[in-house]
Every structure is written in structure tokens, then in C-alpha cells.
Amino acid sequence: MTPAAGQEHRTLILTGSPRKKGHTASMTDYLAQRLTGQTEILSLDDRRDIRPCRDCRYCFTHGECCIKDAMEEICQKLEQADRIVFAAPVYFYNIPGSMKSVLDRLQVYWAAVLRGDKKEPVKKGGLLLAGGAPEFPEQFTGSIQTLKCMLDDLGAVCEEPVTMGGTDKKGLSERPDVQARLKRLADRLNA
Ligand SMILES: Cc1cc2nc3c(=O)[nH]c(=O)nc-3n(C[C@H](O)[C@H](O)[C@H](O)COP(=O)(O)O)c2cc1C
């Protein structure tokens, strides 16, 4: 989705780490500082104001969730954004449970397939992932699969995910390779 003339990109970054100054946060800040337009960073950690999906199937026939809580505001922000980024640590090969619980509420967007009102993807998406273990091939596969599927449901095409393994030993300031990939992602999202 290219903004209309005179309008700026609107990026929503949804983060999932309980550590406010952790590795996910440093990757998020590094990217956000390089994005043009409006950028909002929103934490999905420990959101007790958002109830979990109950698979009630209301959204199979209605274009909304029947649970009325703080998720409504997040959905509104997701719909207004033309750039969506998920940023999360890896917990046992996937995203943290508290973030997953919130993102399961995106079922209403997935159900567009059943309702027959799925739209063409017009947005751009990004993924930032931090993992403590030394880097190995399948370290981020589970998280990427989950979050890519969610970006697709939101109508966003996923750019190359930026992953940073080995965070038990090194952070972003010691990882020029990750910094370079974050800069490339910013360029792609700004285009
Ligand atoms: C419950 C739990 C499970 C974890 N599972 C993995 C894992 O499967 N693979 C991995 O590389 N790191 C794993 N880690 C380490 C985190 O991914 C790592 O500490 C990461 O940098 C945390 O990001 P943060 O600093 O943004 O919170 C796990 C950490 C916790 C607390």
C-alpha cells in the first residue's frame, strides 16, 4: 500500500519481550530510528487486557471478533498501518506465549478466507527475532512460520526476516552484520 500523495508511511511494530531493554528492544529501536513516516511501538507482553481466542467461530461469518477488549484498538492500528513489523525473542523455537495469546486473536483476519472477503496483500511486513543460543539453521524457523502466516493474514508481504542468534554472549552493538540487515530492512520498508 503506497500512501496517497503527501501522506507518510505508518509503521506499527508489535513487540513480545518482557525485557524492556533486552535484545528485541535494541533491534526494534535500531530499526525504528531508521524508518521514515510515523512509527509506533506497542508491547504485546503480558497483556491482561486482551483475552485469548476461544475458537468460537463468530469470525467465520462476521468480519469482527465477538470479544470486545483492548484488541479492538490494536486491530484498528493494524488496519491503519501500511508497514507491520513483529519483533520477538525465541522461546522454545517460537514466540513467547503471552505474545502468541494476543496474536491468536488475529484469527478474524485468517477467517477472511472462509468468509470470502480476503484482500490482496498491499502492505509490507518485517520480522525481528532474537535467540540466545549460538546460531544454527532451525533456530528461528518456528517463529518465522508463525509470524509470516500472521503477516499474510494482515495483507502484508514479509521482507527478509532479521534474526540475531547468540544473544547469551553478544548484543546488537557487537553485531555489525545484524545492524547491516536492519538497515536494509529499513530501506525496504521506507521504499
Ligand atoms: C522460556 C525461554 C525459552 C527460550 N528458548 C530459546 C530457544 O528455543 N532458542 C534460543 O535460541 N533461545 C531461547 N531462549 C533465549 C532467548 O531467546 C534470548 O535470551 C533472547 O535474547 C531474549 O530476548 P530479549 O532480550 O529481547 O528478551 C529462551 C529464553 C526463555 C526465557
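Setting aside neighbours within four places in sequence, Gly16 touches a mixed set of residues in this predicted model: Leu44, Asp45, Ala87, Ala88, Ile95, Pro96 and Met99 are all in contact with Gly16. Gly16 sits in the loop between E1 and H1. Loop position or not, Gly16 counts as buried, because 26 other C-beta atoms lie within 10 Å and 20 are enough for that label. Pro134, for its part, lies 118 residues from Gly16 in sequence, and the two C-alpha atoms are 21 Å apart in space.

Next comes helix H1 itself, which spans residues 23-32 and is mostly covered, with seven of its ten residues buried. These are His23, Thr24, Ala25, Ser26, Met27, Thr28 and Leu31. What do they pack against? The partners of the buried H1 residues are the strands E1 (10-15), E2 (38-43), E3 (83-89), E4 (123-130) and E6 (162-164), plus helix H7 (176-190).

Two of the buried H1 residues, Met27 and Leu31, turn up again in the largest nonpolar core, which has 46 residues. Along with Ile84, Leu128 and Leu154, they have the most contacts inside that core. In soluble globular proteins, nonpolar side chains tend to be buried together. Leu128 gives a closer look at the packing: beyond its neighbours within four places in sequence, Leu128 is in contact with Thr24, Met27, Thr28 and Leu31, as well as Val85, Ala87 and Val162.

Thr24 also shows up at the ligand, where Gly22, Thr24, Pro89, Gly131 and Gly132 are the closest of the 17 surrounding residues. By type, the shell around the ligand breaks down into nine polar, seven nonpolar and one charged.

Key: Residues are numbered from 1 along each chain as its sequence is written. This is a predicted model: local features need pLDDT of at least 70, side-chain atom pairs count only at pLDDT 80 or more; totals for chains, interfaces and linings use all residues. A residue is buried if 20 or more other C-beta atoms lie within 10 Å of its own, exposed if 12 or fewer, and partly exposed in between; C-beta atoms are placed from the backbone. Helices (H or I, at least four residues) and strands (E, at least two) are DSSP runs, numbered from the N terminus. Two residues are in contact if their C-beta atoms, placed from the backbone, lie within 7 Å. A nonpolar core is a set of buried Ala, Val, Leu, Ile, Met, Phe, Trp, Tyr and Cys residues joined through C-beta atoms within 7 Å. A residue is near a molecule or strand if its C-beta atom, placed from the backbone, lies within 6 Å of it. Ala, Val, Leu, Ile, Met, Phe, Trp, Tyr, Cys and Pro count as nonpolar, Asp, Glu, Lys and Arg as charged, and the others, Gly among them, as polar.
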